[in-house]
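User: I've got this model open and want to talk it through. Can you take my questions one at a time?

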Amino acid sequence: MTTHGSPDYRDSGLEFPDDFLLGSATASYQIEGAVAEDGRGPSIWDTFSHTPGSVVMGDTGDIADDHYHRLDEDLDMMKGLGLEAYRFSIAWPRIVPTGFGAINQAGIDFYSRLVDGLIARGIKPIATLYHWDLPQPLEDAGGWPNRDTAYRFAEYAAVIGQALGDRVETWTTLNEPWCSAYLGYGSGVHAPGRTNGADALAAVHHLNLAHGLALTELRKVVTNDPDFSVTLNLHVVRPGADNAGDAVRRIDALANRAFTGPMLRGEYPADLLADTVGITDWAFVLPGDLEAINQSIDVLGVNYYSTATVRPWDGVSPKQSADGHGRSVGSPWPGSEDVEFIAQSGPYTEMGWNIAPDGLEDLLVSLHEQFPAQPLMVTENGAAFPDVLEDGQVRDADRIDYLRRHFTAAHRAMERGVDLRGYQVWSLMDNFEWAYGYTKRFGIVYVDYETLERTVKDSGRWYAELVRTHRIPA
Ligand code: FCB
């Protein structure tokens, strides 16, 4: 429904408001390294990445970008890019190494230095409490399908909230609980690599509960009036056939409304419960849970990369599963195994994800229509491309084009009335891309994994100009 601008979303000059927060994002396990230092305990990603066959090339986060030891250099790099905000995550096993009980002051000190370093450079800290690095002992005790994990998370939130609750600008409870639940416990392509649909749905609920309980704890201890948020990877689901209406509805329920329902409306969608009745009776939802989960948040974080197209599977033809989440033993779509994710038209990023900026516009507008009073922020958007470092330069015109088109999409959504508060580009620097290891580069800064040297890519310079001018550069 675009009325003006370039038909392919390649606009320039579009201006964002002064208070529109422009920054970049990372996550602890993807960049920090130093996995056994200063008292950090093992997480499920340490275990998983060290399990042969789990990650491409056997890559692990043992060293990653060595950010833990290069904090000041990386802070200076952010300042050099002019970032207004930095979205990072806190490694739970640095703060509470065994998941419960003893607190590790050295871990708290690291994030305290990070937050102080950001503030000293005029960069707003956006802290995520959980970007997938569950302390291994909690997985050993049952992981996210076990209700206790939600209580342990709330305790950890109270500890870190107490320590940093005078300085953090935005607290995000969870990053993409969809991935934690369905990729971790359903398809098994992410840690801990379990493949059980009932476990995945129990994990969904306990992640939702963890979000609610953590917000309650954070609100008790913070002293600086921060924003509270959660980041979801909502799926933009397109119909791939005339009779695809029910497939779209089912996937929307599992992927999106399983989280927005309890968090923002205080209920699980009736159709989700009905669709999954053969897998679980949802008896793990206890009285009071929905009230605990359903709390107002200041901003809803939206991660967007591409779209999905579905239709009913005829049960005969080879089933397509182009959902962008990798090949797997188990299904990340419990109860919807008769839905087929069909190949979408390109162009594609190096992840094989289709480039579809209209999907971001549609997603933001749809969220605004569903939750009109809810401010939004793009907390991740970016792309992997096969970058080459040559003569000290990375000429990543493809990434600039991707970002230009998605910033245009965000701008169009704002023109259509969406209350969008900011945009955090994924990622500040190349890093450990989960099951793909170091084979996929998302950074606006290149990392040489031999020397760990950082080089700002062309996209980094382009983005720095966008941040400086608040306009999409030519
Ligand atoms: C998101 C994750 C982030 C990164 C990007 C590419 O799902 O939140 O850590 O891996 O995808």
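User: Which residue in β11 is the bridge partner of Leu21?

Analyst: This is a predicted model, with residues numbered from 1 along each chain as its sequence is written. Local features need pLDDT of at least 70, side-chain atom pairs count only at pLDDT 80 or more, totals for chains, interfaces and linings use all residues, and side-chain values use heavy atoms, with hydrogens and water left out. β1 (residues 21-25) runs parallel to β11 (residues 420-426), and they share five bridges; strands here are DSSP runs (E, at least two residues) numbered from the N terminus, and a pair needs at least two bridges found by DSSP. Across from Leu21 in β11 sits Gly422.

User: What bigger arrangement do these strands belong to, and in what order do they run?

Analyst: Strands of a sheet pair through backbone hydrogen bonds, either parallel or antiparallel. Here the pairing is parallel, and eight strands form a closed barrel. Neighbouring strands are turned by 25° against each other on average, direction ignored (axes are lines fitted to C-alpha atoms, and angles run from 0 to 180 degrees between N-to-C directions). The order is β1-β2-β3-β4-β5-β7-β10-β11.

User: How far is the polar side-chain atom of Gln30 from an oxygen atom of the ligand?

Analyst: Gln30 is one of the residues around the ligand, and Glu176, Glu380 and Trp434 are also among them (a heavy atom within 4 Å). For polar contacts, N or O atoms pair within 3.5 Å; within protein, one must be able to donate a hydrogen and the other to accept it, and residues adjacent in sequence count only if both atoms are side-chain atoms. A ligand oxygen is 2.5 Å from a side-chain N or O of Glu176 and one is 2.9 Å from such an atom of Glu380. For Gln30, the distance is 2.7 Å.

User: How much of the ligand's accessible area does the protein cover?

Analyst: Take the ligand on its own, and its accessible area is 290 Å², by the Shrake-Rupley method with a 1.4 Å probe. With the protein around it, the covered share is 94%.

User: Which proline follows Ala191 through a cis peptide bond?

Analyst: Most residues other than glycine have a negative phi, and most peptide bonds are trans. Gly346 to Pro347 is a cis bond, with omega near 0°, and Pro347 is in the loop between β9 (339-341) and α13 (357-370); helices are H or I runs of at least four residues. The bond after Ala191 is also cis, with omega about 5°, and its proline lies in the loop between α8 (177-187) and α9 (197-221). That residue is Pro192.
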